[in-house]
Amino acid sequence: MLAGRGLAGLDAVAGEAEAQRQAMLAIVVFTLPLMLCSLPAGAVADRFSKRTIILGAKVGELLLMAVGTLLLAVTDDPVTGTLVVLGGMGLQSAVFGPAKYGILPELVPHEELSAANGALEGWTFLAIIAGTVAGPQVMAAAGATPWTAGAVLTALALVGL
């Protein structure tokens, strides 16, 4: 298959393999804390103020985005640091999720709970899709200054808080 391509073909395959390895590593680094910490975070959300947990999680998100932006600005190879930030965001998501859904019965009358839950779920998925679509656009716009993409995320975290 690569017979006529020479070294350039091998370099392209090696580059693609490395990109796939990095994507897989990022998925694992984000998902593992999310999976391991969701159950304990749910127990904590049942025992403590959901409002306090939500605010703490959003402050944590803001701090993580600021640290990620700083790492992108000051290091030439921010991979390890940004993976730590990504893992922190997995933990933040694990903590935020149960409190986000658990606070609904405290805020909405019982007869409106199903509709509120559907709206919350719908907006959550819309945000995930919008972020997935916007991410490459923001990175492309950032060009040689990837920290500006981090600054956008930090600003969005501040708005969310």
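Of the contacts in this chain with a separation of 6 or more, 69% are between residues 24 or more positions apart; a contact here means heavy atoms within 4.5 Å. Keep in mind that this is a predicted model, where local features need pLDDT of at least 70, side-chain atom pairs count only at pLDDT 80 or more, and totals for chains, interfaces and linings use all residues. Residues are numbered from 1 along each chain as its sequence is written, and side-chain values use heavy atoms, with hydrogens and water left out.

**The overall picture**

What is the chain built from? You'll find six helices and zero strands, in the order α-α-α-α-α-α from the N terminus. Helices (H or I, at least four residues) and strands (E, at least two) are DSSP runs, numbered from the N terminus.

The C-alpha trace spans about 70 × 35 × 25 Å along its principal axes. The chain has a radius of gyration of 19 Å, while a compact globule of 161 residues would have one near 15 Å. That radius is taken over C-alpha atoms, and the globule rule is 2.2 Å times the number of residues to the power 0.38.

As for the surface, the chain exposes about 10,500 Å², and carbon and sulfur atoms supply 73% of it. Areas like this come from the Shrake-Rupley method with a 1.4 Å probe; for residues, only the protein chains shown count as cover. Of the 161 residues, 23% count as buried. Buried means under 20% relative accessible area, exposed over 50%, and partly exposed in between (1.4 Å probe, protein chains only).

**Two helices to look at**

The expected span of a helix is 1.5 Å times one less than its number of residues. Here is how H3 and H5 do:

| Helix | Residues | End-to-end C-alpha distance | Expected span |
|---|---|---|---|
| H3 | 24 residues | 35 Å | 34 Å |
| H5 | 30 residues | 41 Å | 44 Å |

H5 has a kink of about 35 degrees at Ala134, shortly before the proline Pro136. The bend at a residue is the angle between axes fitted to the seven residues ending there and the seven starting there. Just after H5, Gly143 takes a positive phi of about 55 degrees.

H3 has plenty of buried residues, including Gly87, Gly88, Met89, Gly90 and Phe96.

**Inside the chain**

A nonpolar core is a set of buried Ala, Val, Leu, Ile, Met, Phe, Trp, Tyr and Cys residues joined through side-chain atoms within 4.5 Å. The largest one has seven residues: Ala45, Ile53, Ile54, Ala57, Phe96, Ala99 and Ile103. H2 (50-74) and H3 (79-102) each supply at least two of them, and H2 gives the most, with three. Leaving out residues up to four places away in sequence, Phe96 touches Ile54, Ala57 and Lys58. A second, separate core of five residues includes Leu62, Met65, Met89 and Ala157.

**Two threonines**

Is Thr154 buried or exposed? Thr154 sits in helix H6 (residues 147-160) and counts as buried because its relative accessible area is 17%. Beyond its neighbours within four places in sequence, Thr154 contacts Leu62, Met65, Ala66 and Thr69.

Thr82 is in helix H3, and with 27% relative accessibility it counts as partly exposed. Setting aside residues up to four places away in sequence, Thr82 touches Leu71 and Leu72. The C-alpha atoms of Thr82 and Leu70 are separated by 10.0 Å, and these residues are 12 apart along the chain.
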